[in-house]
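Welcome, and please take a moment to turn the structure around before reading on. We will walk through it piece by piece.

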Amino acid sequence: MRELRIGIIGCGKIADGHAEVVKYLDGATLAAVCDREPLLAEQLAVRYGAGAWYGDVGEMLARERLDVVHITTPPGVHLALTQQCVAAGAHVFLEKPLALTAKESKALIDAVVAGGRQMTINYWPNFDPPAMQFKRMLADGTLGDPVHVEAFIGYDLAGAYGQALMSDPGHWVHRLPGKLFQNMMDHIFNRIVPLFPDVEPEVHAFAYKRREAVRGDGTDALLDELRVFLRGGNVSAYGSLCSHARPVANTLKVYGTRATVEVDFNNRTVVTSASQKYPSAVGRLIPPVQMASRYAAEAKKNLGQFRRHEFHFFAGMSKLLELFYDSIRRDAPPPISYSEILRVADVMDRVIEQAYPAQVEEDAR
């Protein structure tokens, strides 16, 4: 296995997850990290044993001869950094959102293709063990054809990331065209889009703010609840981003012509709904027993994964990077198709246009 030299640009909180995964991947070495705040780069390098740290991207790329660069900065600079990395001969692995707009996303992918490199985006929950199990069920026909999809993402405004966002009106998320929604929507639509036919879907978005204004600054303008209806061909979907429902959930439910399956990303379960096949009261007694049995089987499966050290938080990122690095070594297609990435970006643009029309119009000027 060819050893790949890995670099990271942007040494904020999410970079720790990238560095942790790379540290334990076979065939990869964290060679260098970079941040415009050199102290952050130095601290990340020390914590994860990176070979070098830098405060200037150009200097790092010139000195290190990196095979892959992870870009974990805010999305406003993703396009420029990708172009710089590709010019230096590096493949790129990008945090979501990919760019500020679908147009920028296409320009980014075009730059990668023109440079003869590969890229992918960190849709890591879609490569967690439950998501991979669901993909196998979809491929083997267990669900039949998708009829309707429900993707739900919860967000905790009182959590660590939420507090950082809500306490600082200058936080980079507030500067995104779609603000909080744009930072989180990938996790909704990258699950829905692959289940749709390759047609431009109808998109109807409804956004509002549920909490009361309390700070008297720019954070009060942040919308915190989003509902989206989509239809493409014979498949429909609901996408929800919810900041107030508890517990904070992260689920995908797919209603198929043969079966209905729910994936719970937080609890790491994949459960097929039980159906009533028996008459009268007996028919209503059996399905709950069947469901209890299925959840017990999921608990047993999770215990086995825990014992095999496959139950860590970023297991999906480990799998995604393993596949991406392998595609680089073999010069094979990347694990997420570029067409899928661009379809997600297009849906996100259309949602933002409906959720923040005044902001989009102002940015267009």
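## A walk through the sheet and its helices

Let us begin with a pair of neighbouring strands: β1 and β2 run parallel and are joined by six bridges. Keep in mind as you look that this is a predicted model. Within this pair, Ile 9 stands opposite Cys 34 in β2. To get from one strand to the other, the chain passes through a helix: β1, helix α1 (residues 13–23) and β2 together make a right-handed β-α-β unit.

Now follow the chain onward from β2. Three bridges join β2 to β3, and these two strands also run parallel. Here Val 33 is the residue that stands opposite Trp 53 in β3. Once more a helix makes the connection, since β2, helix α2 (residues 38–48) and β3 form a right-handed β-α-β unit.

How much of β2 is buried? Six of its seven residues are, so β2 is largely enclosed by the rest of the structure.

With these strands in view, step back to see the whole sheet. Six strands form an open sheet with parallel pairing, and their order is β3-β2-β1-β4-β5-β6. At its edges stand β3 and β6 (119–121), each with a single partner strand, so one side of each has no neighbour in the sheet. From one strand to the next, the twist averages 20°. As for what holds such an arrangement together, strands of a sheet pair through backbone hydrogen bonds.

On the other side of β1 in the strand order comes β4. Four bridges join β4 to β5 (residues 91–94), and the two run parallel. One bridge pair to look for is Val 68 with His 91, the latter in β5.

Next, the helices that lie across these strands. Helix α4 lies across β1, β4 and β5, and it runs at about 170° to β4. Helix α11 (residues 315–330) lies across β1, β2, β4, β5 and β6, running at about 165° to β5.

Return for a moment to α1, the helix between β1 and β2. Its buried residues are Ala 15, Gly 17, His 18, Ala 19, Val 21 and Val 22. What covers them includes strands β1, β2, β4 and β5, along with helices α2 and α11.

Helix α3 (residues 57–64) deserves a longer stop. Which of its residues are buried? They are Val 57, Met 60, Leu 61 and Glu 64. Looking down the axis of α3, you would find these buried residues within an arc of 95°, so they line one face of the helix. The buried residues pack against β1 (4–9), β2 (28–34), β3 (52–54), β4 (68–71) and α4 (78–87). Turn to the other side of α3 and you meet Ala 62 and Arg 63, which are exposed.

Both ends of α3 have something to show. Asp 56 caps the N-terminal end, with a side-chain oxygen 3.1 Å from the backbone nitrogen of Gly 58. Just after the helix comes Arg 65, which takes a positive phi of about 50° although it is not a glycine. Arg 65 belongs to the loop between α3 and β4. Is this residue buried or exposed? At 67% relative accessibility, Arg 65 counts as exposed.

That backbone angle leads us to a few local details worth finding. As background, most residues other than glycine have a negative phi, and most peptide bonds are trans. Lys 179 is another residue with a positive phi, near 50°. Where does Lys 179 lie? It is in helix α8 (residues 179–184). With a relative accessible area of 13%, Lys 179 is buried, whereas Arg 65 is exposed.

Two peptide bonds round off the tour. A cis bond joins Lys 96 and Pro 97, with omega about -10°. Pro 97 sits in the loop between β5 and α5 (102–114). Further along the chain, the bond from Arg 246 to Pro 247 is also cis, and its omega is near 0°. You can find Pro 247 in the loop between β10 (235–242) and β11 (250–256).

Notes. Residues are numbered from 1 along each chain as its sequence is written. This is a predicted model: local features need pLDDT of at least 70, side-chain atom pairs count only at pLDDT 80 or more; totals for chains, interfaces and linings use all residues. Side-chain values use heavy atoms; hydrogens and water are left out. Buried means under 20% relative accessible area, exposed over 50%, partly exposed in between (1.4 Å probe, protein chains only). The arc is that of the directions from the helix axis to the C-beta atoms. Contact means heavy atoms within 4.5 Å. A polar contact is a pair of N or O atoms within 3.5 Å; within protein, one must be able to donate a hydrogen and the other to accept it, and residues adjacent in sequence count only if both atoms are side-chain atoms. Two strands pair if DSSP finds at least two bridges between them. Axes are lines fitted to C-alpha atoms, for helices over the stretch in contact, and angles run from 0 to 180 degrees between N-to-C directions. A crossover is right-handed if, with the strands pointing away from the viewer, the path from the first strand over the helix to the second runs clockwise.
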